[in-house]
Amino acid sequence: VRYVDAGYVVALSVLAAYAAGLVLRRRRLEQAAAAVNGDAAGAPIPQVPRAGSPTSVPGWSPGPEPR
Amino acid sequence: VKPATLRAVGVGAVVSTAATVWLGLWVTPPDRTQGDLVRLLYVHPAIAFVALYLAGGTAAVASLLYLWGRTRSLFWDRLAAASAEIAALFSALTLVTGSLWGRPTWGVWWTWDARLTSTALLLVLLLGYLALRRVPAAPEVRAKRCAAAALIAAVDVPIVHFSVYWWQTLHQGGTVLNPELNVHIHGSMAWTFLLGFVAMCLVFVWMVAMRYRIGVLADRLGGEELEVSLAERRAEGALPSVGAEGALPSVGAEGALPSVGAEGALPSVNAEGALAEVGADRAGPVGPRTPPEPVTPGPTPARSPS
C-alpha cells in the first residue's frame, strides 16, 4: 500500500506544485506588464521637430550650432 | 481562453481529480491478483495518456502547422512550447509512477523494457526540445528549429504505443487502447479509470492555457527575467520609474551623448527636457524658454586641408 500512497502523493504534489508555479509566474508577469504599461503611459514620448518645421513649444528655438 | 472558462476548467480539474483519488483509494475494490496495487491504475495510465497523446500530440501537430507555410503563426509555436513542457512533466510522472508500480509487481524499480526505454527516450527528447527553446535566436529561427525538434520527438510516440506489441516486454498491453479494443476493466473500476482520464485531460487543458498565456506575456515583455526584475526593483523604489514626473529620461544628461543633430539639422535633446511636447502638457503651462545649451561632444580633431 505504501507504493500506492507514494504514487498518489508524488503525482498529485508535483502537479499541484507545477500548477501553483504557473499561477505565480503568470501573476508576476502580469504585474510586470502592468508596471511597464504604467510607465509607458506616464512617460513622455520624445518628439524632436524636424529641421525647418515649426516648433511645438512656444518660445523654443534651436540652439547654436555645435562647434 | 476567457478567464471565466479557464476558471471553470480549473475547478473541473480539481473536482474530478479529487473524485478520482477518493474513488481510487477508498471506494473501488482491490484486484484479485494485484490487490491494492491496482489503485495505481487510476493515476498512471491517465498521466501517460496525457504525456503521449494529448500533450505530445498537441506539440507535434502545432509544430507541423507552424512549419506549414499557410498556417505559419507564432500561435502554433507558443502552443507547441506549452504542450512540450507539459508533456515533459507528464512523461517524468509516468516514469516515476510506473517505477513505483513496477517495484512491488516486477521486483525492480527499472528495467530496460521496450515500453520503459522508449518512454524515457521521449522524456530526453522533450528535455532537449525545452533546452533548444532557451538557445538565443530570433523568434522565427527559434520557432522553426524547435518545430523540427518537436517532430523528431513525435516519432517516438508511436514507438512507445506499439512497443508492447512489437517486442516481448514486461509491461502489459493496453487496458483500453489495445488492437482488439477489448476493454479489460469493468464496474466501478472502469468508471474510476475513465474519470481519471477526464481529470488529467482537464488538468492538461488548464495547464496548457496558463502556459500559453505566460508565453504571450513573456514575449510581449521581451524577456521575462529582465522585466520582472526591473518591475521588482521599481516596486522597491530602487530605480526611479521612467518619466515619473513627466520629464524626459536624461538623454545626454552628463554630456555622455552628443546632441542629436550634430550638424544643426535637429536640435539637441538634453537633460532639461527642452523638447517636451507631452511633458509640457503634463507639467502645465510652460513659459518661454531659453534655447537649450548644446552638449558639446568634445574637441573635434582638425581636418586636414585636403
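Colleague: Is A:R26 buried, partly exposed or exposed, and at what relative accessible area?
Modeller: Buried means under 20% relative accessible area, exposed means over 50%, and partly exposed lies in between (1.4 Å probe, protein chains only). Since A:R26 has a relative accessible area of 18%, the residue counts as buried, at 18%.

Colleague: What kind of model are these values computed from, and which cut-offs apply?
Modeller: Residues are numbered from 1 along each chain as its sequence is written, chains are lettered from A and ligands numbered from 1 in written order, and side-chain values use heavy atoms, leaving out hydrogens and water. The model is predicted: totals for chains, interfaces and linings use all residues, side-chain atom pairs count only at pLDDT 80 or more, and local features need pLDDT of at least 70.

Colleague: Which residue forms a salt bridge with A:R26?
Modeller: A salt bridge here is a side-chain nitrogen of Lys or Arg within 4 Å of a carboxyl oxygen of Asp or Glu. The partner sits four residues from A:R26 in helix α1 of chain A, about one turn of the helix; helices are DSSP runs (H or I, at least four residues; strands are E, at least two), numbered from the N terminus. The closest N and O atoms are 3.1 Å apart, and the partner is A:E30.

Colleague: Which residue of chain B meets A:E30 in a salt bridge?
Modeller: A:E30 is partly exposed, with a relative accessible area of 31%. The pair crosses between chains, from helix α7 of chain B to helix α1 of chain A. The N to O distance is 3.8 Å, and the residue is B:R213.

Colleague: How many residues apart in sequence are the parts tied together by B:R133 and B:D77?
Modeller: The side chains of B:R133 and B:D77 meet in a salt bridge at 2.9 Å, N to O. B:R133 lies in helix α4 of chain B and B:D77 in helix α3 of chain B, so the parts tied together are apart in sequence by 56 residues.

Colleague: Which helix gives the most to the largest nonpolar core?
Modeller: A nonpolar core is a set of buried Ala, Val, Leu, Ile, Met, Phe, Trp, Tyr and Cys residues joined through side-chain atoms within 4.5 Å. The largest has 71 residues, and A:Y8 and B:W206 are among those with the most contacts inside it. Helix α1 (2-42) of chain A and α7 (187-221) of chain B are among the helices that each supply at least two residues. With 16 residues, the one giving the most is α7(B).
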